[in-house]
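Q: Hi! Could you walk me through this one? I'm new to reading structures.
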Amino acid sequence: MSGAGSSWGLLAEYETPDALVRAAEAVRDAGYTRWDAHTPFPVHGLDDAMGIRPTRLPWLVLGAALTGTTGGLLMQWWMNAVNYPIIISGKPFNSIPADIPVTFELTVLLASLTAFIGMLVANGLPRFHHPLLASDAFRRVTTDGFFLAVEAGDPRFEAEATKRLLEGKGATRVVTVEA
Amino acid sequence: MVTAAIPRPSRDNTSADPEVRAPLVLSGNDYASVTDKVCSIVEAKTPPDAWKLAFGIAATFTGILGLVVLYLITTGVGVWGLNKPVSWGFDITNFVFWVGIGHAGTLISAILYLFRQKWRTGINRFAEAMTIFAVICALMFPGIHVGRIWVEYWIAPLPNQMSIWPNFRSPLLWDFFAVGTYFTVSLCFWYMGLIPDIATVRDRAKGRVRQIAYGIAALGWTGSNRHWHRYERAYLILAGLATPLVLSVHSIVSFDFATSMLPGWHATIFPPYFVAGAIFGGFAMVLLLAVPCRAWFGLKDVITPRHLENMCKILLATGMMVGYAYAIEFFISWYSGNPAEGFVFINRAFGPYAWAYWTMVFCNVVTPQVFWSRRARSNPWLIFGVAFCVNVGMWFERFVIIVTSLSRDFLPSSWNSYTPTWVEVLTLMGSFGLFFTLFLLFLRFLPMVAMAEVKAIMPAPHGKAHR
């Protein structure tokens with residue numbers, strides 16, 4: 001364990017989602033960059049209050065879907081019409097209509113896996129240790145606690161001033177989280 | 001809006017009054033009490049006695065399933081009652097039955113999500129779990145019916161020693177891709193929904209083993225809003241992808257039949273008819289499981305009478321779609337003027353398998369009609385009974401389609417009848433054992449209600465509740 005001097009940051013708890021949103025607006029306007037809100041469920045309006053820019057995940061998914069479509073068509077054409085042509089019921093070797101079901105399924109498969117895995121990777125998950133998870137106060141975050149955490153690594157972080165900012169917005173308590 | 005003046009009984013939210021927004025969670029629960037209710041099932045030292053009894057029975061049948069499948073693999077498919085021309089019997093009937101059951105989960109989680117049906121949050125988690133387990137049961141049947149299971153990899157487009165590739169013009173191969181994709185996507189969807197709720201169980205866990213096990217499964221979820229942002233977007237995308245997927249899967253399953261030349265199978269109505277039947281059968285299974293679960297585990301405030309009522313309405317609607325398809329099949333067989341088609345349908349209704357046909361019609365078309373009555377839709381015992389009937393009826397539907405068409409096709413000289421052997425009967429019962437074993441384990445170890453999603457639709461404390 002590191003000493004009391006190495007603080008990871010400050011953790012503030014709020015009573016309601018609305019109070020959290022107002023606090024997030026204040027922290028955003030104060031120009032902080034390394035901070036986050038933690039809630040048991042996605043809270044409406046918090047994205048705007050925090051100034052989060054829309055994720056690029058949909059574009060990644062679109063790319064994966066197009067890869068699935070073209071890859072699926074090319075695979076079936078190459079396998080059944082080029083590499084080992086098989087005559088089935090006198091149909092043409094390259095019969096696009098018959099290739100559509102597999103093409104569709106591969107499109108959906110690649111797009112879905114990209115959405116799921118891309119979401120985890122972009123979020124830095126799985127991650128099996130986080131300083132916040134060591135904090136007892138933080139355990140309510142998955143039940144009914146609404147938290148705002150500011151990292152000590154933030155250029156604007158000053159233990160006292162930041163604490164005052166968080167308390168000024170109605171935090172029920174502000175605790176220091178150890179690194 | 002003045003809501004205080006309207007008396008609102010805490011246990012009944014089935015009012016049809018459009019001026020009153022029906023609460024989705026009853027009895028004044030707040031965030032913490034929802035967590036407590038759902039997590040207490042997972043945290044209880046011992047499960048309820050009903051769970052133990054059910055698990056004992058289910059596990060026994062799972063064991064029997066293992067033995068009969070071993071017997072099948074070591075001896076050959078001759079242990080089944082299949083013959084020429086009836087080369088599909090219980091195996092494919094069970095496959096289509098289980099795949100159909102598996103459709104309700106994704107329908108609830110994806111389609112109802114896109115339509116913003118907020119009541120879905122009470123039931124989506126265990127409907128999705130049910131989907132996963134039903135698809136596992138379904139995938140087993142084509143897996144074992146090929147006989148030589150050790151060459152099953154031939155179905156995948158892998159390079160092999162014969163330098164030959166799968167035939168992509170076969171609907172049976174489409175089926176492999178469709179059901180395989182469906183299973184994978186459903187699993188992602190289900191697990192993704194579980195991550196925040198597993199984190200809840202992790203944060204409440206007392207023992208070291210539980211903390212580590214749920215800690216690993218929760219993937220380090222901290223409820224970060226930057227994470228929620230991508231999570232919600234990914235969830236919406238998955239719902240958008242799963243919606244056409246769920247419609248495609250049973251369509252492709254129906255192609256197994258529709259692309260053949262056999263009378264009674266070669267019909268363009270098959271894809272929508274199969275999809276409606278799948279939703280019908282799937283919702284019946286959700287009701288069959290929801291009615292006892294909410295009573296045994298004290299979840300009547302979260303899975304409310306309104307949830308049951310809504311599902312009954314869906315059952316009634318899809319049941320009538322299925323009934324319509326039965327009628328149209330008859331009409332087209334007459335209207336086509338094709339004697340082989342005409343014969344197949346007369347034979348279904350009045351031939352040697354007429355008992356199966358009329359069981360199907362009674363269970364699927366007649367019994368759901370009770371749900372025109374609001375009293376019937378709020379009687380859990382009646383709902384359970386009808387849901388049971390529908391499951392029986394939907395199994396017989398597939399049996400009738402497969403066996404009557406195969407046993408009497410164009411040439412009377414090639415006709416034959418089909419009777420299942422004890423091995424097939426035990427395999428069917430065993431697949432129910434497997435399904436319920438997995439489902440009961442899920443109830444015991446994972447949160448059966450999507451807590452994070454339920455909380456998101458509850459009115460916020462003190463703040464302005466959205467109206």
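A: Happy to! One term to begin with: a salt bridge is a side-chain nitrogen of Lys or Arg within 4 Å of a carboxyl oxygen of Asp or Glu. Also keep in mind that this is a predicted model.

Q: Okay, so how many salt bridges are there across the interface of chain B and chain A?
A: The rule finds 1. The side chains of B:Arg226 and A:Asp36 form a salt bridge, at 4.0 Å from N to O.

Q: And how many residue pairs are in polar contact across that interface?
A: There are 29 such pairs between chain B and chain A, counting those with both residues at pLDDT 80 or more.

Q: Which helix of chain B gives the most to the side that touches chain A?
A: That's helix 8 of chain B, with 17 residues. The residues on this side of chain B divide into 35 nonpolar, 18 polar and 10 charged.

Q: What area is buried between the two chains?
A: About 5,700 Å² between chain B and chain A, and carbon and sulfur atoms give 67% of it. B:Trp165, B:Arg169 and B:Arg226 supply 15% of the area that chain B buries against chain A, more than any other three residues.

Q: New topic: which residues of helix 7 of chain B are buried?
A: B:Gln211, B:Tyr214 and B:Gly215. They sit on the same side of helix 7 of chain B, because they cover an arc of only 110° around the axis.

Q: What covers them?
A: The cover includes helix 1, helix 6 and helix 15 of chain B.

Q: And what does B:Leu219 do, just after helix 7?
A: B:Leu219 takes a positive phi of about 60°.

How values were computed. Residues numbered from 1 in each chain as written. Chains lettered and ligands numbered in written order. Predicted model: local features only at pLDDT ≥ 70, side-chain atom pairs only at ≥ 80, totals over all residues. Heavy atoms only, no water. Buried area = accessible area lost by both parts, 1.4 Å probe. Polar contact = N/O pair within 3.5 Å; in protein donor to acceptor, adjacent residues only side chain to side chain. Helix = DSSP H or I, 4+ residues; strand = E, 2+ residues; numbered from the N terminus. Nonpolar A, V, L, I, M, F, W, Y, C, P; charged D, E, K, R; others polar. Buried < 20%, exposed > 50% of the residue type's maximum accessible area, 1.4 Å probe, protein only. Arc of directions from axis to C-beta. Contact = heavy atoms within 4.5 Å.
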